[in-house]
Amino acid sequence: MIHDHHEGYISWADYQSNQAVIAHNANRVGAMVRGSVKCGGALLSGLLRCGHCGSKLSTQYPAPGVIRYQCAARVLNHEQSCCVTFGGLRVDRMVAEQVLRCLRPHAIGAAIEAIENVQGASDERVHQKALALEQARYEVDRAQRRYDVVDPAQRLVAAELERRWNEALKVQAQIEQDLAALKTERPTSVTAATKAELLALAEDLPCLWDHPGSSPQIKKRLLRTVLKDIIATSEDNAIRLVLHWQGGDHTELRFEKNRTGKHRYVMDTDTIELIRSLARIQPDSMIASILNRMGRHTPHGQTWTAVRVCATRNNHAIAVYREGERQTRGELNVSEVAAILSVTQTTVLRMIRLRRMPATQACVNAPWVSAVSRSDVPMFTYGDGCGGYALRINCCSIIDEGRARAAQTTRSWGSAPDRALAVRQLSGM
Ligand SMILES: [Zn+2]
């Protein structure tokens with residue numbers, strides 16, 4: 001074969017690349033080739049090979065949104081032990097990050113080339129149209145010369161030559177219009193600011209990759225453009241991946257295998273312990289409400305409901321809240337303490353905030369619970385500003401006296417702000 005003997009429609013390199021893609025798309029060849037790009041979500045499908053037996057890794061979708069890669073030797077022969085198998089989501093993400101990191105300089109180069117191409121394509125079209133106009137003018141000139149030399153007595157010949165001259169003039173006028181339109185539509189030269197913007201977009205290649213409009217097929221084609229194959233080897237508790245790049249270089253990645261029962265849908269221990277604490281003071285519906293107010297979600301990203309709290313409790317052997325069990329343990333909530341002290345719940349909350357009443361709260365938005373017995377509650381007061389009385393002496397009378405003094409001062413003082421100030425001073429808040 002003699003290369004470059006004739007000018008081809010495509011370059012020799014493009015031809016070779018197309019032939020390689022066509023050869024790899026031949027699915028009937030089986031494990032010998034990567035196989036065609038299909039519409040599944042597994043990005044490394046066809047690229048992975050087993051580092052133990054050399055087989056291709058088959059791609060499985062055991063559930064919606066779940067990807068698993070497994071050595072095909074095990075799939076074909078169930079009696080053979082599995083060489084290597086691992087979940088696909090994490091691996092896809094790792095390889096994609098590696099590829100995007102390597103592609104970033106190329107993306108910038110492609111952006112610069114695109115800028116130059118846009119400018120060059122416009123210039124080329126104007127040049128072609130100008131050449132066409134020159135040819136049209138020549139045709140008009142020739143038609144005119146032919147008409148001029150004809151004998152006017154030859155009326156039929158003269159009419160035909162006149163018609164051809166008019167046709168040539170029409171063509172010339174049309175090309176002149178087209179050229180003027182092209183020059184009008186011609187994009188203005190790319191400014192430095194536009195260049196900088198395009199280069200910034202090239203830096204955002206990861207955003208483009210994660211865009212909902214980027215289909216798995218496009219990503220797979222991109223991966224196959226830069227990667228020859230990936231060798232996966234199982235080593236104790238880890239998987240080693242060797243990425244073979246098209247240029248001949250290779251990169252090694254390594255990640256820990258998932259332990260049994262550990263996957264992305266496992267609930268974090270913090271949430272489980274929180275539900276365990278809340279289940280002793282609240283029913284499931286209230287627990288769901290508290291968790292939602294905290295902005296917590298289930299491992300599947302859903303909001304909490306009583307049913308989901310119930311399921312979580314059952315999965316972790318947490319007993320359901322029974323009405324009255326808190327009272328059995330001798331715990332009081334804010335409303336019960338307020339009733340004993342004959343004050344509002346706001347006052348009790350303020351006492352708790354000022355650490356004058358011992359109480360606990362499982363989390364933000366959860367109810368406060370005090371372990372103080374009913375008989376001891378009157379020993380706590382909400383302030384020590386009522387004439388300097390001791391804290392633990394007959395709280396109720398202190399409160400009553402404080403109220404009476406506040407009311408007396410309020411009557412003597414005029415405006416509302418003054419009354420509020422007096423009440424605050426007398427109650428020590
Ligand atoms: Zn294998």
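A residue is taken as exposed if 12 or fewer other C-beta atoms lie within 10 Å of its own, and as buried if 20 or more do. In the predicted model considered here, this criterion separates the two sides of helix α10 (residues 306-315): Val 307, Asn 314 and Asn 315 are exposed on one side, whereas Val 309, Thr 312 and Arg 313 are the buried residues of the helix. Viewed down the axis of α10, the buried residues fall within an arc of 100°, and they therefore line one face of the helix. An α-helix has 3.6 residues a turn, so residues three or four places apart point the same way.

The cover over the buried residues of α10 includes helices α8 (269-278) and α9 (284-293). The axes of α9 and α10 come within 8 Å and cross at roughly 105°, which makes α9 roughly perpendicular to α10, since angles of 65 to 115 degrees are classed in this way. In this pair, Asp 284, Ser 285, Ile 287 and Ala 288 of α9 meet Ala 306, Arg 308, Val 309 and Cys 310 of α10; Val 309 is thus one of the residues that α10 buries and also one of those that meet α9.

Over the whole chain, which has 15 helices and 10 strands, 19% of the 429 residues count as buried. Among the contacts with a separation of 6 or more, 51% are accounted for by residues 24 or more positions apart.

In soluble globular proteins, nonpolar side chains tend to be buried together. The largest nonpolar core of the model comprises 26 residues, of which Leu 44, Ile 230 and Ala 232 touch the most other members. At least two residues of this core are supplied by each of β1 (48-50), β3 (68-71), α2 (72-76), α3 (88-149), β5 (227-235) and β6 (238-245), and the largest share, 4 residues, comes from β5. When residues up to four places away in sequence are not counted, Leu 44 touches Tyr 69, Val 91, Asp 92, Val 95 and Ile 230. A second, separate core of 24 residues includes Leu 278, Trp 304, Val 334 and Val 348.

An open sheet is formed by 3 strands in the order β8-β10-β9, with antiparallel pairing. Its edge strands, β8 (332-333) and β9 (360-361), each pair on one side only. Strand β8 is joined by 2 bridges to β10 (residues 368-370), the two running antiparallel, and the bridge partner of Leu 332 in β10 is Ser 370.

Several loop residues were also examined. Ala 317, located just after α10 in the loop between α10 and α11 (325-328), has a phi near 55°, a positive value in a residue other than glycine; Ala 317 is exposed because 7 other C-beta atoms lie within 10 Å. Ser 342, in the loop between α12 (334-341) and α13 (345-353), likewise takes a positive phi of about 55° although it is not a glycine, and it is exposed, with 11 other C-beta atoms within 10 Å. Ala 26, in the loop between α1 (12-24) and β1, counts as partly exposed because it has 13 C-beta neighbours inside 10 Å. The C-alpha atom of Ala 26 is separated by 6.9 Å from that of Ser 36, a residue 10 positions away along the chain.

Note on methods:
Residues numbered from 1 in each chain as written. Predicted model: local features only at pLDDT ≥ 70, side-chain atom pairs only at ≥ 80, totals over all residues. Pairing = 2+ DSSP bridges. Contact = placed C-beta atoms within 7 Å. Core = buried A, V, L, I, M, F, W, Y, C linked by C-beta atoms within 7 Å. Arc of directions from axis to C-beta. Axes fitted to C-alpha atoms, helices over the stretch in contact; angles between N-to-C directions. Parallel < 35°, antiparallel > 145°, perpendicular 65-115°, else oblique.
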